[in-house]
Amino acid sequence: NGAMVIDQRNNGASVTGSGYAVDRFYNAFTSTNATQQRSTVVPAGFTNSLLVTITTATAPGTSSLAYVSQTIEGFNTSDFDLGKATAATFTLSFWVRSSVTGTYAVGFLNGAQDRSYVATYSISAANTWEYKTITVAGDTTGTWLTNNGKGLSVFWDLGSGSNYQATAGSWQAGTLLRTSGSVNFANTLGATFYITGVQLEKGSTATSFDYRPYGTE
């Protein structure tokens, strides 16, 4: 559901606080109030995006969570060979737009959330769609499920607490989502964050978005 088209729970209605705004994408806000919903504000080539709006801004506590995420079944990431010497490089690509500029973070975690990789990307222009790609060398250690359990989770951090901070660019132990310099988006009243065109694929190059038939998706 990388194009945010399928919304079986809400059919476009907004969700307040933590929950699924569109299918497969879970949003958590534990100390800040936010609404999330499917949106028709999109870059060229798409019809839907996921919109997060901060309705009550609160400075994050050390253990606060603020993120958009998707957890992928191990069946669908088994070819990455994570946890082995043969672990493959993979690439995340997506379109993003925010009213708050600066450095943002994406965290990649295993099912037990004891192995993490934090990467950063920049939003340079407010309220403007920007295309981002992030390439990660696969983790050669840790436990990575290859069944119907949690294979690989992707977290777009929006202002989680300091307990989840790490240095970007390497696999580390723990549940890590952001850097100390990442934007505290959730602490900005009225801030908006849109995302669509999400694609995660094996290899070091992002390919064009795979538009699959609606029934297949």
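**Close-up 1. Strand 6 and the lining of the second largest pocket in the predicted model.** Strand 6 contributes six residues to the lining of the second largest pocket, the most that this lining receives from an element, and strand 11 is also among the contributors, since each of the two strands supplies at least two residues. The space in this pocket comes to about 300 Å³. Of the 19 lining residues, Tyr 20, Tyr 26, Gln 70, Thr 71 and Lys 150 lie nearest the centre of the pocket. Sorted by class, the lining of the second largest pocket holds five nonpolar, nine polar and five charged residues.

**Close-up 2. The largest pocket and its lining.** The volume of the largest pocket is about 940 Å³, and two or more lining residues come from each of strand 6, strand 11 (150-157) and strand 13 (192-202). Strand 13 provides the largest share, with five residues. The lining comprises 36 residues, and those nearest the centre of the largest pocket are Asn 1, Gly 2, Val 198, Arg 212 and Glu 217. In terms of class, 16 nonpolar, 11 polar and nine charged residues make up this lining.

**Close-up 3. The largest cavity, with Asp 81 in its lining.** One cavity of 30 Å³ or more is found when the whole structure is searched, and the volume of the largest cavity is about 40 Å³. Its lining is formed by Thr 77, Ser 78, Phe 80, Asp 81, Leu 82, Trp 144, Leu 145, Thr 146 and Gly 151, which by class amount to four nonpolar, four polar and one charged residues. Asp 81 belongs to the loop between strand 6 (66-73) and strand 7, and its relative accessible area of 24% makes this residue partly exposed.

**Close-up 4. Positive phi at Met 4 and Asp 81.** Most residues other than glycine have a negative phi. Met 4, which is not a glycine, nevertheless has a positive phi near 60°, and Asp 81, likewise not a glycine, has a positive phi of about 60°. Met 4 sits in the segment before strand 1 and is buried because its relative accessible area is 0%, whereas Asp 81 is partly exposed.

**Close-up 5. The open six-stranded sheet and the pairing of strands 7 and 10.** The six strands of this open sheet follow the order 1-4-5-13-7-10 and pair in antiparallel fashion, with strand 1 (15-16) and strand 10 (130-136) at the edges, each of them pairing on one side only. Strand 7 (residues 90-98) runs antiparallel to strand 10 and is joined to that strand by seven bridges. Within this pair of strands, Val 96 has Glu 130 of strand 10 as its bridge partner.

Methods: Residues numbered from 1 in each chain as written. Predicted model: local features only at pLDDT ≥ 70, side-chain atom pairs only at ≥ 80, totals over all residues. Heavy atoms only, no water. Pairing = 2+ DSSP bridges. Helix = DSSP H or I, 4+ residues; strand = E, 2+ residues; numbered from the N terminus. Buried < 20%, exposed > 50% of the residue type's maximum accessible area, 1.4 Å probe, protein only. 1 Å grid on protein atoms, 1.4 Å probe; cavity = no way out; pocket = protein on both sides within 12 Å on 5 of 7 lines; lining within 4 Å. Points joined across faces, edges and corners; volume = space filled by probe spheres on them. Nonpolar A, V, L, I, M, F, W, Y, C, P; charged D, E, K, R; others polar.
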